[in-house]
Amino acid sequence: MIHFGGSRWCRWDLHIHTPESILNMQFSFENSEDCKRYNNNIWDKYIDELEAKGEKENISVVGITDYCSVDGYEKIIDYKQRGRVQNFDLILANVEFRILPVTSKDKAINLHCIFSDELTVAEIKRFLNELNYDYRNRKYKCNKEELIELGRAYNPDITSDKECYKEGVNQFKVDVENLKEVINKDERYKEKVFIVISNNSQDGASGLRDNSTGSTRQELYRNADFIFSGNEKCRNYFLGKSSDTIENIIRKCGSLKACIHGSDAHDFEKLFNPDMDRFCWIKAEPTFNGLRQILFEPESRVKIQKEEPEAQKNIYSIKRISIPSTNINQELSIRNVELQLNKNLVAIIGGKGSGKTAIIDIIANCYQEHDRSRQYNNKGKATKNNEDKNSFVQRIEKECPNLEVELEYIDKHSTFNKKITDNIFFQHGVIRYLPQGKIEEVAGNTELLHKIIQQLIFTNIQGKNNNEYTAYKNNEEKIVDINNGIISILGEIRVLLKESSSEILLEHERQLEIKKGELKDKETKLTIFSGQLSEEEEKVATEATEKLKDFDMEYENTIDYAEKCFSTLEHIKEWENLINAEICELNQAYFDSNLKQIPNIEFSNLIELINYNLSYASMRKEYFNEEKIKYSEVIKQFSGKQSERASLLKDRDNIKKAIHEIEEKISELHRKKREYISKVKELFAKYEELMLYYKSQKNSYDRIIELFKSIDTEILSSISFKAEVYFNENLFIELSEDVFDGRKIPDDFLEKTIKSIKDFLDDGDSFNYYQDKKTKEYLRRNKDLPDYYRWLTQDYFRLDTKVYFNGTELSKLSVGQKGAVILKLYLADGDYPIILDQPEDNLDNRFISNELIAAFRKAKEKRQIIIATHNANLVVNADAEQIVVADFINNSIAYTSGSIENNHIRKEVASLLEGGEEAFKQRENKYGFQ
């Protein structure tokens with residue numbers, strides 16, 4: 001049966017003989033039992049074998065071959081009409097002839113005519129009857145009666161009609177000019193007969209080795225549509241990929257030629273079993289017009305090999321889409337959709353408003369990658385942020401939320417269905433969907449373009465050089481760490497600057513001078529008492545004062561120690577709980593009888609010691625407090641002068657203590673000032689390190705790009721890449737406006753700062769950032785130096801990929817050229833399905849022909865492509881395997897499907913697409929075929 005999923009690889013065996021083949025007929029019964037079983041009817045056995053082996057070998061098309069006759073083909077058709085041989089999609093008649101001159105092996109050359117199944121047996125016999133062979137002044141026609149007469153005339157000694165027939169077939173030589181004349185003079189045979197020349201050295205055209213027959217050999221090739229040969233060297237020669245160029249092959253042979261092959265079966269063992277497993281695979285609908293396609297695509301549409309040529313596709317390529325008949329509103333409905341989709345290039349065509357975009361938008365709506373999470377205004381329209389005016393789903397989802405879709409995938413197990421408003425998506429695979437305008441959007445977004453290119457490059461080099469990729473990723477992680485380090489240093493700088501400000505220093509210095517004045521005052525007053533107290537009174541007063549001071553210090557020390565004990569106990573408890581929790585997890589993960597349970601950790605001895613010391617400290621605190629009280633009472637009992645002197649001594653000591661504390665604070669402020677300066681230096685060293693890692697990452701990326709270039713990237717043949725560290729100068733200037741006062745900042749300040757950064761990125765060994773001693777004066781009133789540092793040391797950098805098309809940088813290309821480049825990048829990226837809605841927008845036909853056709857042809861080898869288009873070149877010359885025609889009839893969207901070789905589909909392409917007929921002519925003339 002014909003498959004409506006478009007062109008597909010099938011096995012064709014166009015050269016199998018039948019029991020009617022008069023020459024070398026070897027079909028026979030195995031034994032008497034076998035003969036009896038079939039009632040001595042070899043044809044019944046032949047049909048059984050044909051069906052069984054055809055089913056086993058999954059043969060789609062057969063060419064029933066006989067010499068100078070279609071008697072075997074006629075019998076096969078009779079069997080088919082009676083319900084047999086239904087497992088074949090197509091059965092064609094192949095008539096084998098002999099032609100002159102003879103080869104170096106003294107054998108006539110084999111020539112075959114393969115007839116369209118649209119011709120009846122009677123019409124083919126009429127065709128054969130037009131062929132003549134001259135022998136002894138008589139013309140013999142190619143029919144059984146006259147071939148018998150020819151045999152008898154050649155060898156009068158032969159008596160039986162069968163032997164005369166065999167001799168007549170053996171002697172009958174077709175004249176190629178006569179053959180071409182018969183084909184061309186009668187409209188019924190035009191484009192209904194293919195001439196195939198054998199290229200075997202024994203009985204094929206390559207057997208004409210003598211230079212004197214060179215022109216004859218070339219003329220045979222020129223008259224042939226195809227070549228019968230399974231030899232790879234032969235195939236390459238006729239494709240212009242061997243000793244002769246394409247141009248020379250076209251000159252010598254008229255066009256590039258496709259090679260086909262068959263089993264040439266004359267017995268049951270050979271049936272569908274060609275030598276060396278040289279199976280013939282043709283990618284087409286199994287029709288005569290499908291066979292015609294190898295005229296125009298002699299390389300990509302036919303292969304001679306054991307395994308099916310279809311490249312392995314992503315298992316989540318879409319096999320089928322189903323949409324039940326649905327009324328969307330009074331003016332729009334969708335007829336039942338049940339489309340088998342080809343896993344190569346599917347082109348959706350149709351007039352404006354026919355529903356081309358509808359089906360691909362419904363498919364895309366099944367994937368997270370196209371989730372728009374829409375919101376609506378009170379009129380039910382999608383809000384601007386997520387509105388897509390070209391989206392069919394968005395236009396109809398409010399009116400018809402229950403529209404259902406089901407997708408089936410080529411893995412033969414996975415399906416997915418949803419209503420278009422369901423917030424669910426296919427989870428096992430992804431797609432790339434480029435709606436209208438997407439390519440133009442990417443062309444204006446260098447950051448997004450860089451991500452696409454990086455993904456493409458890294459995907460293609462996976463496993464090729466893990467060291468280089470690892471180095472690149474390590475640099476990437478290091479850049480993140482450095483940026484975090486810069487943020488941390490900036491925080492420290494702000495704290496240090498705040499804590500060591502000039503105002504705080506001046507205040508501490510003022511307090512120091514005040515305390516020094518107070519100390520001088522106290523010491524002056526103490527000198528007044530010199531000689532006014534007895535030696536004993538002075539000794540007692542001094543001793544009591546010193547003791548009170550000592551016990552006061554010990555009391556404070558004991559309190560500090562006790563607080564540290566309490567803090568340590570808390571930390572021990574927290575740590576104990578944490579460790580024991582982890583030990584518990586380890587014990588619960590018990591999985592082997594040899595493992596031992598881990599006991600919880602115990603800190604009881606340690607806690608006991610700390611508690612003992614805490615108890616002792618508490619006891620000592622009480623003792624020191626009692627001594628403080630005692631000496632305070634002693635001092636209170638002093639005489640007036642003793643009491644006053646003791647108070648002065650205490651005040652003096654307190655002032656000295658305060659002076660020491662202030663001096664320590666001033667010293668700490670100076671230390672912080674020095675640390676601040678050090679941190680600023682560290683900040684710029686870190687910033688220099690950041691730029692160095694970007695430069696290192698650029699070098700690593702350049703090496704990865706070189707590795708990528710060495711990989712087969714035919715899709716990107718005219719595109720090259722170069723790594724670049726991009727400095728976002730616009731953002732740098734924009735953020736400066738928040739930091740600097742525009743009325744104060746010099747005109748060249750930003751320019752010089754930017755130059756210092758760019759110079760280092762280009763070829764600098766060390767970062768000499770532009771400094772201006774008056775920078776602080778240029779700041780806005782509410783900004784300070786940390787704000788300046790934060791602005792200057794932000795990560796304004798990005799690793800970019802410079803893209804060149806035929807040597808010209810992307811930014812200098814026209815809109816159409818940019819679109820072609822970006823589309824090729826998308827086509828080369830990944831093996832998952834890609835869906836494109838009118839990607840040819842903004843592209844002229846010259847660019848499509850020169851740049852995109854080859855890219856589409858190469859891309860479809862590794863991924864499924866579904867494209868809605870109105871460009872005939874993308875459909876015809878990219879050789880779309882399936883064409884889906886969208887139509888809007890009586891307010892209803894409907895889809896029909898077929899391949900490019902289908903006459904109905906071809907008419908639709910020619911009428912619906914601009915330049916359709918011209919595209920077909922371009923395709924047909926591409927390799928010299930006229």
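**Close-up 1. Tyr409 and Phe426, a buried aromatic pair.** In this predicted model, both Tyr409 and Phe426 are buried. Their rings are stacked, with 4.3 Å from centre to centre and 15 degrees between the planes. Tyr409 belongs to strand β17 (residues 404–409), while Phe426 sits in the loop between β18 (415–419) and β19 (432–434), so the pair ties together parts that are 17 residues apart in sequence. If you enjoy rings, there is plenty to explore here: the structure holds 43 aromatic pairs.

**Close-up 2. Phe749 and Tyr778, an edge-to-face pair.** Here the ring centres of Phe749 and Tyr778 are 5.7 Å apart and the planes meet at 75 degrees, an edge-to-face arrangement. The pair links distant parts of the chain, with Phe749 in helix α22 (residues 749–763) and Tyr778 in helix α23 (residues 775–778), 29 residues apart. Phe749 and Tyr778 are both buried.

**Close-up 3. Arginines over aromatic rings.** Two places are worth a look. Arg11 lies over the face of Phe279, 3.7 Å from the ring centre. At the other, the ring of Tyr79 has the charged end of Arg82 over it, 4.6 Å from the ring's centre.

**Close-up 4. Helix α2 and its surroundings.** Helix α2 covers residues 42–57, and its 16 residues should span 22 Å at 1.5 Å a residue; the end C-alpha atoms are 22 Å apart, which agrees. At the start of α2, a side-chain oxygen of Asn41 comes to within 3.0 Å of the backbone nitrogen of Trp43. The buried residues of this helix include Ile42, Trp43, Tyr46, Ile47 and Leu50, and also Lys45, Glu49, Glu51 and Gly54. Among the elements that cover the buried residues of α2 are β1 (8–17), α1 (32–37), β2 (59–67) and α3 (71–81). Just after α2 comes Asn58, with a positive phi near 55 degrees.

**Close-up 5. The β5–β6 hairpin.** Which side chains of strand β5 (residues 132–135) are buried? Tyr133 and Tyr135 point to one face and are buried, whereas Asn132 and Asp134 point to the other and are not. This fits a general pattern: in a regular strand the side chains alternate between the two faces of the sheet. β5 pairs with strand β6 (residues 138–141) in the antiparallel sense over four bridges, and Tyr135 has Arg138 of β6 as its bridge partner. Two residues lie between the strands of this hairpin, and in the turn Arg136 has a positive phi of about 55 degrees.

**Close-up 6. An open sheet of three strands.** The strands run in the order β20-β21-β22, with antiparallel pairing. β20 (719–727) and β22 (808–809) stand at the edges with a single partner strand each, so one side of each is left without a neighbour in the sheet. Nine bridges join β20 to strand β21 (residues 797–805) in the antiparallel sense. One place to find this pairing by eye is Lys722, whose bridge partner in β21 is Lys802.

**Close-up 7. Lys520 on helix α17.** Is Lys520 buried or exposed? Its relative accessibility is 60%, and exposed means over 50%, so Lys520 counts as exposed. Lys520 is found in helix α17 (residues 502–528). Do look across to Ile655 as well: Lys520 and Ile655 are 135 residues apart in sequence, while their C-alpha atoms are 9.9 Å apart in space.

Technical notes
Residues are numbered from 1 along each chain as its sequence is written. This is a predicted model: local features need pLDDT of at least 70, side-chain atom pairs count only at pLDDT 80 or more; totals for chains, interfaces and linings use all residues. Side-chain values use heavy atoms; hydrogens and water are left out. The expected span of a helix is 1.5 Å times one less than its number of residues. Buried means under 20% relative accessible area, exposed over 50%, partly exposed in between (1.4 Å probe, protein chains only). Contact means heavy atoms within 4.5 Å. A polar contact is a pair of N or O atoms within 3.5 Å; within protein, one must be able to donate a hydrogen and the other to accept it, and residues adjacent in sequence count only if both atoms are side-chain atoms. Rings of Phe, Tyr and Trp (its six-membered ring) pair if their centres lie within 6.5 Å; planes under 30 degrees apart count as stacked, over 60 as edge-to-face and the rest as tilted. A charge sits over a ring if NZ of Lys or CZ of Arg is within 6 Å of the ring centre and within 35 degrees of the ring normal. Two strands pair if DSSP finds at least two bridges between them.
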